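Dear colleague,

I am passing on the structure below, together with some notes that I hope will be useful when you look through it. Please read them with the coordinates open beside you.

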Amino acid sequence: MIRTGLSILCFAMMCILFSHIPAQAQETLSIQVKKGELRATPSFLGKIVARVAYGDRVDVTEKRGAWRKVSPRGGNLQGWIHASALTAKRVLLRAGQAGVRTGATRDELALAGKGFSEEVEASYRKENGKLDYTWINRMETFEVTPDQMRNFLVQGGVSLPREGDRP
Amino acid sequence: MIANVLRAGLILAATLALAACAAVETATTVATTVSEQAGVISPEQGKAIRTGTAAVSKSLEDFTPEQEYFIGRAVAAAVLSKYPAYASTPVNQYVNTLGQTLAAASDKPEIFAGYHFLVLDSDDINAFATPGGHIFVTRGLIRCCTTEDALASVLAHEIGHVRLRHGMQSIEKARITEALTVLAREGATTFGSREVAQLTQTFSGAISDIANTMIGRGYSRAFEYEADEASVTLTRHVGYNPGGLIDMLTVMDKKLKPGGPDFAKTHPSPRDRMNEIRSRGGVFPQAATPKERQDRFLKAVGRI
């Protein structure tokens, strides 16, 4: 009798202890870069298999070092992305869209496209007519493909840290 | 009365304990609300506490990556109003390949719009990095580099400034609070013209804060030494000779003209930087640069 009571007590305590850990915790994160790339392997040299956009929600299915294997919500795609492209915060969509509440809480990034945004940049440029953004726009188009990066590394006798090895 | 206060205190303590895992702000809000309901504090006092907590927690973390990017673009425009771009495609292609490869190996490889590099057409010895990942180096600074390893150390130093958010940290605290207060006020509809005007003013202020520091008087010595340390770590990590930074500083020490508007004004002296790197344990054995690496370096920027 006492033993049964003790068992129940133990079980109850275990329940309390682990109650905050959901069974098979599914981590859902948001993309916090303008253009995210999902890759076949956990490396910047990995082939790009899909693209994701700012604010997209993704489920984490695997972790390796600083890399996360993710699957965008509502799709079958999967791919690796560096953790620095992800945030636990939700990115609220542009105002006016359904379900958007007013303001952002500490767990949310402010509304995409609001704040210091294109709108404010346009107004700033109007006030500072001499500023020239031509080269800024041009430099932002300078891209290095995974193949170019691989060749550059091999030719120079240097290497990226081993895939998924590094924090 | 005493019982009442005791009861309220217990409720407050319990609530705080329960909310221990939540953000401090949330916990405070909950506790404040409970205290109000228990009659321990008045609704006015409750409101004041909540507002106070919200104001204190306004910090750099509240800027979205997107906003940092737009700040970065405006800072880049300030840099380009001082120095013209060096419009050589092969040179910029080479610098971007090297720079983006280094950035990929850094602790923060992904930023809102990525890292982009541009050479500036000037004999001054200068370099800049914006919070948006726009990195500029002058021809004068590239001439201080005799190897790809040395140039890698320069770019890695600038990547360090971005990762460590040195630019954002030069925005005045009052300005940050001001900006985030306007942002917090936004409703579900788009901003009215009054808010846009107000935000633009704050935005201008933030750009001036960064530009005045970065281009005008320079970051603190502490920030520069931190960026040097980040450079040594990153170049070593990829397999470059981290001593490239020392080699570059040795050349810079000879070339830098005292009283100049460039690194002579905004950075600790090359000798101080070398001493600091060594005092932080930076002892680098001589390492020969592989021939193919040196050939491509000389081909790309040897005559810059």
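Which residue takes a positive phi in the hairpin of β2(B) and β3(B)? In this model, which is a predicted one, that residue is B:Gly133, with a phi near 85°, and the hairpin has 4 residues between its strands.

The strands around that turn are a convenient place to begin. Strand β2 (residues 127–129) of chain B pairs with β3(B) in the antiparallel sense over 3 bridges, whereas β1(B) and β3(B) run parallel and are joined by 5 bridges. B:Phe136 in β3(B) is the bridge partner of B:Phe128, and B:Phe136 is also the bridge partner of B:Leu118. As for burial, 5 of the 5 residues of β3(B) are buried: B:His134, B:Phe136 and B:Thr138 point one way, B:Ile135 and B:Val137 point the other way, and none of them escapes this description, since all are buried.

Chain A has a hairpin of its own to set beside this one. Strand β5 (residues 67–72) of chain A pairs with β6(A) in the antiparallel sense over 4 bridges, and A:Lys69 stands opposite A:Trp80 in β6(A). There are 6 residues between β5(A) and β6(A), and A:Gly74 in the turn has a positive phi of about 75°. Strand β6 (residues 79–82) of chain A is covered on both faces, with A:Gly79 and A:Ile81 buried on one side and A:Trp80 and A:His82 buried on the other. As a whole, chain A has 4 helices and 9 strands, which from the N terminus on run α-β-β-β-β-β-β-β-β-β-α-α-α. Of the 167 residues in chain A, 41% are buried, and among contacts in chain A between residues at least 6 apart in sequence, 45% join residues at least 24 apart.

Turning to the interior, the largest nonpolar core has 58 residues, and those with the most contacts inside it are B:Leu98, B:Leu102, B:Leu141, B:Met248 and B:Met252. Helix α7 (residues 148–163) of chain B gives the largest share of this core, 8 residues. Another core, of 41 residues, lies apart from it and includes A:Val120, A:Trp135, B:Ile171 and B:Leu180. Leaving aside neighbours within four places in sequence, B:Met252 is in contact with B:Ile125, B:Leu141, B:Cys144, B:Phe263, B:Pro270 and B:Arg273. B:Ala150, which lies in helix α7 of chain B, counts as buried because its relative accessibility is 0%, and, not counting residues up to four places away in sequence, B:Ala150 touches B:Cys145, B:Gly244 and B:Met248.

The interface deserves a paragraph of its own. The contact takes 69 residues from chain B and 56 residues from chain A, and the area buried between the two chains is about 5,600 Å², of which carbon and sulfur atoms give 62%. Across this interface there are 17 residue pairs in polar contact, both residues being at pLDDT 80 or more, and α4(B) gives the most to the side of chain B that touches chain A, with 12 residues. The count of salt bridges between chain B and chain A is 2; one salt bridge joins B:Arg73 to A:Glu121, with the closest N and O atoms 2.7 Å apart.

Over all chains the count comes to 22 salt bridges, and three within single chains may be worth your attention. In chain A, A:Arg51 forms a salt bridge with A:Glu37, at 3.1 Å between the closest N and O atoms; A:Arg51 lies in strand β3 (residues 48–53) and A:Glu37 in strand β2 (residues 35–39), so the pair ties together parts that are 14 residues apart in sequence. A:Arg51 is exposed, with a relative accessible area of 61%, while A:Glu37 is partly exposed at 23%.

In chain B, the side chains of B:Asp149 and B:Arg293 meet in a salt bridge (2.7 Å, N to O), which links helix α7 with helix α14 of chain B across 144 residues. B:Asp149 is buried, with a relative accessible area of 3%, and B:Arg293 is buried at 5%. B:Arg221 forms a salt bridge with B:Asp272, the closest N and O atoms being 2.5 Å apart; B:Arg221 lies in helix α10 and B:Asp272 in helix α13 (residues 270–279) of chain B, so this pair ties together parts that are 51 residues apart in sequence. B:Arg221 is partly exposed at 42%, and B:Asp272 is partly exposed at 32%.

With best wishes

Notes:
Residues are numbered from 1 along each chain as its sequence is written. Chains are lettered from A and ligands numbered from 1 in the order in which they are written. This is a predicted model: local features need pLDDT of at least 70, side-chain atom pairs count only at pLDDT 80 or more; totals for chains, interfaces and linings use all residues. Side-chain values use heavy atoms; hydrogens and water are left out. Buried means under 20% relative accessible area, exposed over 50%, partly exposed in between (1.4 Å probe, protein chains only). Helices (H or I, at least four residues) and strands (E, at least two) are DSSP runs, numbered from the N terminus. Two strands pair if DSSP finds at least two bridges between them. A nonpolar core is a set of buried Ala, Val, Leu, Ile, Met, Phe, Trp, Tyr and Cys residues joined through side-chain atoms within 4.5 Å. Contact means heavy atoms within 4.5 Å. Buried area is the accessible area (1.4 Å probe) that two parts lose on being put together, summed over both. A salt bridge is a side-chain nitrogen of Lys or Arg within 4 Å of a carboxyl oxygen of Asp or Glu. A polar contact is a pair of N or O atoms within 3.5 Å; within protein, one must be able to donate a hydrogen and the other to accept it, and residues adjacent in sequence count only if both atoms are side-chain atoms.
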